Amino acid sequence: MIGLIAHNALLISVAVIAFGAIVAPFAIRSGRREWLQLTYGAVYTNFVLVSLATALMIVALVTHDFSVSYVAAVGSRSTPLLFTVISLWGALEGSILFWAWVLALYAAAVVWFHRDRPGNLVPYAAMTMLAVAGFFALLLAGPADPFVPVWPVPADGPGPNTLLQNHVLMAVHPPLLYLGYVGMTVPFAFAIGAILSNEASSNDWAILSRRWMLASWAFLGAAIIAGMWWSYEVLGWGGYWAWDPVENASFLPWLTATAYLHSVMVQERRNMLRLWTLNLCVATFVLTILGTFLTRSGILSSVHAFTTGTIGYYFLAFIAVVLVATLVLVAGNSERIRATGNLGGVASRETVFLLNNLFLTAVMLTVLVGTLYPLVAEAIRGVKVSVGEPFFNRMAVPAMVALIFLMGVGPSLPWGSTTVAEARRRMIAPAIGAAILGAIGVLAGARGMYAILAFAFVGYAVVGNLREYWIGMRARHNAHGEGWGTALLRLIRGNRRRYGGYVAHIGVLFVALGITASSIFRSEREATLLPGETLTVAEHTVRLKSVWGREEPQRSVIGATLDVLGKDGEVIGTVEPRMNYYHVSDQPVPTPDVRSSLRGDLYVNLSAFEPNGAHATVKVIVEPLVPWIWFGGLVMVVGAVIGMFHRGRRTRVPPAPVASAPLPEPRVMETVP
Amino acid sequence: MNWKRATIAVLASVPLIALFAYGFTRDPGEIPSPLPGREAPHFALEVFAPGEAPLARRVGDTISLRELTGKVTVVNFWASWCLACRDEHSALSETARQYAGSPTQFIGVLYNDRPSLGANWIAGMGGQSYPSVLDERSRTAIDYGLYGVPETFIIDPSGRIAYKHIGPITSSVLRSWIDSLLPGAATDTASVLETR
């Protein structure tokens, strides 16, 4: 019954979407703008219908209605409630349904917030989003229908993929990823809308879509970090990033979105890079679809690949349509879109932004080539190759290190131009930061140019960004006699975009520091221990206490309890790495135990055990600064949130009057040029 | 609208789409094994499940690959916890019985499992015509580059691996390989590999 209602809701949504998308151009061409309400109505109706279908799926999952095919495939009576609910995105059909719901939500929100904007930008954007939604609705109506009736009704199901029911981060990573991925549809829709409505030669659409891009960028960044965390906490290998095709697929649009967030500022300020910014919008969306295609079609070997049927062919057709349609629109109109502004001085912020875009694009292309190369090699040379860490590290790391440096340079350079002497003066403080952190890195044992540069540049950029806060706060403090806390708050409120951006920079720098330190200074050992025996890795000692077993409804748990010993051999804590044997699978799911501190992680994984408890083989990994990666991700999101709720350029706190002490820089409050 | 530029841009995207379309014709999970054609890694393993007459071996006997030179040897890795092993069980057991009179030897190798569970499984499946051996610490499985169970290796009379099968094997695959490798077939591994 549930299946029937939901299936029909999805069928109706196909018709509603098609109607809404077709009406829009007629309404605009014929000048009957009141018809546009039909398009907007279709957007809202689609949201209601897909919400209904999604809610019914959750009901079906929770009530173990195994007459619904998706529930029969991923449900199980012994699975805990939380994991039953989140198995909504645990397999192909459910994840497509969830995707369609997020897209419907975004489309409804865009129409709701921008429905009164004059011009044809929003109607065309709504049409574009409906067209994309139409693709997913078609998938749900046919090849990825999650509501196929099952008869006879099974008594129980296998439960979700065991890897996906072992950690609570599975409740976090996928929804964030979808919010990020699907959100990229909005800037894309604005870009297409801008071309169709002849507004692409103004900067308005790019500014309008900036906030949506920022939100999606933050979601995607948080999703990537949460995915790294999940991999770290569940897979038992002590790593968080493997350059797996699907990891790369999530990283690619994040790179172009980051480039967009910077290039749109140049477009706004200097009237440059208009075509480029539009291309970044389009590329970001295409890369999200490409990423989904790579995950869902099974054409690349990946840990994330779902088992698939024919859905890959539909995605291929969709990519082809999207590529051809956008290329025709963008390339065909490129002369009209192209901007006419020009660059300020060499030592200016826009120069840094250009370099930033150049390097981000370089990293993106490197990762893209590395990801697709196995396919190219097989097509052209007929050989199977796999492209792994060495390629990506060698090719992408230099550009990433350069980006860290630029993150420190950009904030301290003004728009327009400055003198070389002035630029040099502004680099003194960051350079000291670079020297300090670089020296710490070398003393800790960092060798190799990129390792040392990474430390030094993180130091440079942290100081470079904090210095902007310091200068602004000091100016307010001196001018208004504000307390430092008030000065900080008012400073941020006065220009949320700018200071939010610096917070996001700090977050990214924490991530960079955590990745650099944990990959250079990682040490690990594996040993088989009898109870009472110890294992020491990088001054951390663990002692095996016992090996135990426990039965839970959906799994058997084998664990080892180890004492963590302090310097004098006293017990300062315990760790309990486990292996979870789910009843439906032969493969145990490792569940390492991680003891975190600011300085880093003690990561203990149970590799093997003797069933009678006589001994256990454990792997102990010491990874410095790993928690900084997770924390940095959070800071990045905070920065994005600050930047998102700016009140526009005109409403700002009045600039601080020049105080008795001369302000060090004339641009403290960022007056509009 | 500049149609020339638009056309060029679209043409530039064709190779990418063609590449993805090509991708569908490939299975990325398929890893070609370097083993076929090479000498089979040696093993000498202890029997824990005897099998049935006339193929039976005493429990505790050691089966060594070296003593099997001159026979077509079928080595099947299995486990009691492996669902797919149930599917191939009767094909293996019956084919082994059919070839009982010719120079062949079937061996089951228990993988990552306890002998008592393995013996129970055999009893539950209605018996196994040929003997199964224990692989302490999975040494043999590692030598054979086992990826999972079931996997089956067919070794020719000269001790070379002729064929590696991943997943449940069928009796027709078994029969065609054994027939082509039996001494009377006047072929060797190399030529069989070539014709395939």
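**Figure 1. Chain A as a whole, in a predicted model.** With 673 residues, chain A would be expected to have a radius of gyration near 26 Å if it were a compact globule, and its value of 27 Å agrees with that. Put a box around its C-alpha atoms along the principal axes and you get roughly 75 × 65 × 55 Å. Inside, there are 21 helices and 10 strands, and buried residues come to 52% of the chain. Looking at contacts with a separation of 6 or more, 72% link residues 24 or more positions apart.

**Figure 2. Helix α20 of chain A, end to end.** This helix runs over residues 496-520. At 1.5 Å a residue, its 25 residues should span 36 Å, and the end C-alpha atoms do sit 36 Å apart, so the two agree. It's mostly covered, too: 22 of the 25 residues are buried.

**Figure 3. Inside the largest nonpolar core.** This core has 205 residues, and A:A100, A:A107 and A:I404 are the ones that touch the most other members. The top contributor is helix α9 of chain A (residues 204-234), which puts in 20 residues. Zoom in on A:A107 and, leaving out residues up to four places away in sequence, you'll find it touching A:V43, A:A126, A:M129, A:L130 and A:A133.

**Figure 4. A second, separate core.** This one is made of 41 residues, including B:A40, B:L45, B:I107 and B:L174.

**Figure 5. Where chain B meets chain A.** Here 22 residues of chain B are in contact with 22 residues of chain A. On the chain B side, 16 of them are nonpolar, four are polar and two are charged.

Methods
Residues are numbered from 1 along each chain as its sequence is written. Chains are lettered from A and ligands numbered from 1 in the order in which they are written. This is a predicted model: local features need pLDDT of at least 70, side-chain atom pairs count only at pLDDT 80 or more; totals for chains, interfaces and linings use all residues. Two residues are in contact if their C-beta atoms, placed from the backbone, lie within 7 Å. Ala, Val, Leu, Ile, Met, Phe, Trp, Tyr, Cys and Pro count as nonpolar, Asp, Glu, Lys and Arg as charged, and the others, Gly among them, as polar. Helices (H or I, at least four residues) and strands (E, at least two) are DSSP runs, numbered from the N terminus. The expected span of a helix is 1.5 Å times one less than its number of residues. A residue is buried if 20 or more other C-beta atoms lie within 10 Å of its own, exposed if 12 or fewer, and partly exposed in between; C-beta atoms are placed from the backbone. The radius of gyration is taken over C-alpha atoms; the globule rule is 2.2 Å times the number of residues to the power 0.38. A nonpolar core is a set of buried Ala, Val, Leu, Ile, Met, Phe, Trp, Tyr and Cys residues joined through C-beta atoms within 7 Å.
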